[in-house]
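Here's a quick tour of a model, with the ligand's surroundings up front and the fold details after that. Have the viewer open as you read.

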Amino acid sequence: MIPASFDYKVAESAEHAVALLTEHGDEAKLLAGGHSLIPMMRFRLATPTVLVDVGRLDDLRYINADNGTISIGALTRHSELEHSELLAQSCPMMASVAALVGDPAVRHRGTLGGTLAHSDPASDLPAAVLALGGTIVARGPGGDREIAATDFFTGYFESALADDEMIVEVRVPAGGAGWNYQKFNRRAQDWAIVGVAVANAGAGVSLVNMGSTPLRASAVEAAVASGASAADAAAVAAEGLQPPSDLNADADYRRHLARVFTQRALNAAGVA
Amino acid sequence: MTMTDDPATHMDSASHMGRPRLRREDPELLTGEAQFIDDMSLHGEVWVGIVRSTEAHATILGVDGSAALEIDGVTEVLSGADLAPLWGEGALPCAWPVTDDMRNPAHLPVATSVAKYVGDAVAVVLADSRYAAADGAAAVSVDYDPLPAVVDVEAAVADGAPLVHEDLGTNESYTWPLIPNPEAVEEAFSNAAHVVSERYVQQRLIPAPMEPRGVIAAPGVASGELTLYSATQIPHILKVMTAVTLGIPEHKIRVVAPSVGGGFGCKLNVYAEEILCSALAMDRGVPVRWTESRSEAATATIQGRGQVQHIELAADDTGRVQAVRVKLLADMGAYLQLVTPGVPLLGGFLYHGCYDIAHYSFECTSVFTNKTPTDAYRGAGRPEATYAIERAMDSLAVAVGVTPEEIRSRNFIAADAFPYESCAGLIFDSGDYQAVLDKAVEMAGLEGVRATQAQRRADGSSRQIGIGFSSYVEMCGLAPSRVLASLNYGAGGWEAATVRVLPTAKVQVITGSTPHGQGHETSWSMIVADKLGIDPDDVEVLHSDTAISPTGLDTYGSRSLSVGGTAVFMATDKVLDKARLIAAHQLEANEDDLEYVDGAFQVKGTPTAAAPFAAIAFAAFTAHDLPDGMEPNLEAHVTYDPPNFTFPNGTHIAVVEVDTDTGDVGIVDYVAVDDCGNQVNPMIVEGQVHGGVLQGAAQALYEDAVYTEDGQIVTVNLGDYLVPSAAEAPVYRVASHVTPSPTNPMGVKGIGEAGTIAATPAVINAVVDALRPMGVTDMAMPASPQTVWRAINEAQGGAS
Ligand SMILES: Cc1cc2nc3c(=O)[nH]c(=O)nc-3n(C[C@H](O)[C@H](O)[C@H](O)COP(=O)(O)OP(=O)(O)OC[C@H]3O[C@@H](n4cnc5c(N)ncnc54)[C@H](O)[C@@H]3O)c2cc1C
């Protein structure tokens, strides 16, 4: 499994990266931690002819808190989220979800911007950003724009980003108290077969690997809002969803798991 | 030697034997200094890319390489027909024609007319880099005319099944019966108070060693020599087989196995790529190489297991088993590789497990399917046998109404029955199976675990506890050559060793046993150092290169220590015998009056008159003053052919917790008590148990080579094929009970396969035990969460 040949450019800044994307159009791909893109290239599921390496943009590696909002630079590694004292204090859910991504090697390379841009329905951090009601800041040739996480994931491995846009920052509200993340997998390093993120005592609930995108479980949120018990709210977790079938789980079993883990996550988040 | 629990007490107090010692191999491996095939490069080398069939069964109508030839660096595209003259009739070897009428279809390195499994080589690309070879192989287009594929073994033997090999007229390769007394078996079943009758499926496993395979074949154009570098377990066997297959004179072939990153049996083979690279190298006069990719390894390297087992037990009303009857369907895949047909036989002698059962009936029918060939995989036949008997014993315990430990105790071969002749005709060397089980029960704290289990059951908890036993015995130390002859195996089972003392009293050991991760260098140096009274670091162990170690039969079947290590032990004795003569000469003493203490010969009772080993070594080298007629130098060679197998045994207990809401199984405790005889390095023993247990648990819970109905393999990468990692490993609690084997002078048995053999049934028995109150009586492997959840639902009469 060897990737096709490609040209490699190092971006000096986010603006430079955007300029290179503009120049090369859909032939080009940003390379951040490379832990999703390079496997895709090795399997030749992706064959970009130009790689724009943004992995060295250290000025996009930060975690700041300001006025109840936490801003995280797009190149921040999962391991930096995992070990951040600021997050441990102000938004522990982000840190704890990050700690469950892959294995240590993956967490030391993978970036928050990369995992959001990749828009894998089976990934963990997008679910956290969704449940927390976060915002994604994208930089393009015309400047920056903010995209609500709820509008960001548009399809299977597809996002609202344009070909010439780059994520520079991710914002989540501080707090999120009454949170829990349930990740069900067979080996520690694997993606979730099903995952459930609960933030703000059930006001934000999102599901992992239950459809073509990371998604909000709006039926569960509505049930919690109307005062339903955790068990009753969890019962609607899979309603209307078309989860995938694969070697680990077929769609029915996934629906069952979504109900089980939604109830566990709600309970752990303090919803009785 | 007496029986004792502490391996160290067998050994002299000043010795290294029986004491944990760090592996000397590891610094090189951990720092990346070790050279694997892919770390090497030879001037002018040509890379091979292999075009592999995407069809399970298809006529090859044509191979079009034009697009590949457009790629920069691609020099040639060769179809199977283009290559055929390179090997003529020379098909890949199968060394184990288990019956005289076994059907063994010709197996060419590259298929010429029909592709018989997904992954079957159908064309070859030559290129100047690995990248170009891969790009080239991907660009070759093959025109296939699909034929019906035979995927399932039971379907393969059904009437009207499509044929894997049309010309054979059947999918059956052979039937091998071992039924010493058929009437007695029938009688036992007709008189039985309890009959257990079960069907188990051994899924196929992908060996997945850390290092996939790789080959470099380097020709000597003027000399006519071939040097073949291969990530193989068997350089010696590969040398003979390459000579026979390609007609290259054997003395012109040198095979080198550099550092090899694990094998687990899958590198105990002679593969198409080895023959292909060798033939091309000799033909073109340039080094030719190939490195297997991880995905390629899923189909290009043999797979393990692949059996459907029917086992029946006939027991009296107390649960004493009188007879065992087994019918096996074994999946050979599309072709017979080196020892493919023999694998079921290695289990075929052991379906009575460690139990004193009077009557035996075993029959194996081996079947071709349109899948990758199977062959030896850690345990080879014995894990399958152990699984069947240990699962069936648990079912019998339920039928009789006793605990799993009680049914085992009632049936164990008694400690005083050794040497014990089994109903399958083997002579078991030594053991105390009850003592081993008792120790495991005690370590597991069984009473406490049962109390927790009862409480959870009473509470209707969604976290049910299960306890699984597995008592096993294996035949190891392959093997007495005469026994192999009686099984039609195409080679002997001896092993060779040379111990060479250098002028400065450092020692070189040359072993024919080929390590690929087991730590031979450490263990062999301990054996020699102890005997010579020197430091193990003064002993170098050379291996894995037929130019250095010309004689050997390599590493598999837990044979290294009990056969290869014994050869080293005996060669060291021979060195000491000669050294004693030199010492006697130096000390002007009678050799019978000498004793060897702390690295010097001394006259018994007169420690001041001593000839140190270093002085003897130097005297042997200078040859200035040796006894009359003695040859100079101190070196001895031994080829050891074991008189019998060895029979390691043990009891493992797995405690699992099953989340009945999700079907998720967690191993919460794992106790392993093994009797591998005397131990040279207990740290290596423990490491082998840890790795083996996880590999066995992997079959129980994680691993499965999944094929679709039309023969496409689904699990070709390590994201889909679930090899567990350290994070999934249980916290092992390991102990040993030692009954030295009387078969060899060190009293050793072998530990390389024990964990893998024991763990699979222990874990599955535990899962079934956890769920039995819910009506679950069987569990398919791997017991994935979905499989377990379905089994619970089905047992509860719900939707599946
Ligand atoms: C063995 C393994 C196990 C894993 N397990 C998990 C797991 O359990 N859970 C999980 O969630 N993930 C898992 N991952 C994925 C991992 O988290 C990835 O690192 C992450 O999804 C992508 O981040 P990256 O920085 O590596 O992105 P890359 O691979 O560099 O890029 C991914 C995609 O995003 C684009 N991109 C990257 N950065 C930006 C940006 N700033 N703006 C716009 N586009 C951008 C790239 O062009 C590319 O299309 C695993 C990966 C591996 C290899």
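## Who lines the ligand

How do the residues of the shell around the ligand divide into nonpolar, polar and charged? In this predicted model, the split is 15 nonpolar, 13 polar and four charged.

That shell adds up to 32 residues, and the closest are all glycines: Gly33(A), Gly102(A), Gly110(A), Gly113(A) and Gly114(A). As for the elements that chip in two or more residues, they are strand S2 (28-31), helix H2 (37-42), helix H6 (104-109), helix H7 (112-118) and strand S10 (166-173) of chain A. Helix H7(A) gives the most, with five residues.

## A small parallel sheet

Now to the strands. Chain A has an open sheet of three strands in the order S1-S3-S2, with parallel pairing. Strand S1 (7-10) and strand S2 of chain A sit at the edges with a single partner strand each, so one side of each has no neighbour in the sheet. From one strand to the next, the twist averages 25 degrees.

Let's go pair by pair. S1(A) pairs with strand S3 (residues 50-53) of chain A in the parallel sense, over four bridges. Within that sheet, Lys9(A) has Val52(A) in S3(A) as its bridge partner. S2(A) is likewise joined to S3(A) by four bridges, and these two strands run parallel. Here Leu31(A) finds its bridge partner in Asp53(A) of S3(A). To get from S2(A) to S3(A), the chain passes through H2(A), making a right-handed β-α-β crossover.

So where do sheet and ligand meet? Both S2(A) and H2(A) are among the elements giving two or more residues to the shell, and both are part of that same crossover.

## The domain layout

Zooming out, the domain assignment cuts chain A into domain 1 (7-53), domain 2 (58-173) and domain 3 (180-268). How far apart are the C-alpha centres of domain 1 and domain 3 of chain A? They lie 33 Å apart.

Note on methods:
Residues numbered from 1 in each chain as written. Chains lettered and ligands numbered in written order. Predicted model: local features only at pLDDT ≥ 70, side-chain atom pairs only at ≥ 80, totals over all residues. Near = placed C-beta within 6 Å. Nonpolar A, V, L, I, M, F, W, Y, C, P; charged D, E, K, R; others polar. Pairing = 2+ DSSP bridges. Axes fitted to C-alpha atoms, helices over the stretch in contact; angles between N-to-C directions. Right-handed = clockwise from strand over helix to strand, strands pointing away. Domains from an automatic or database assignment.
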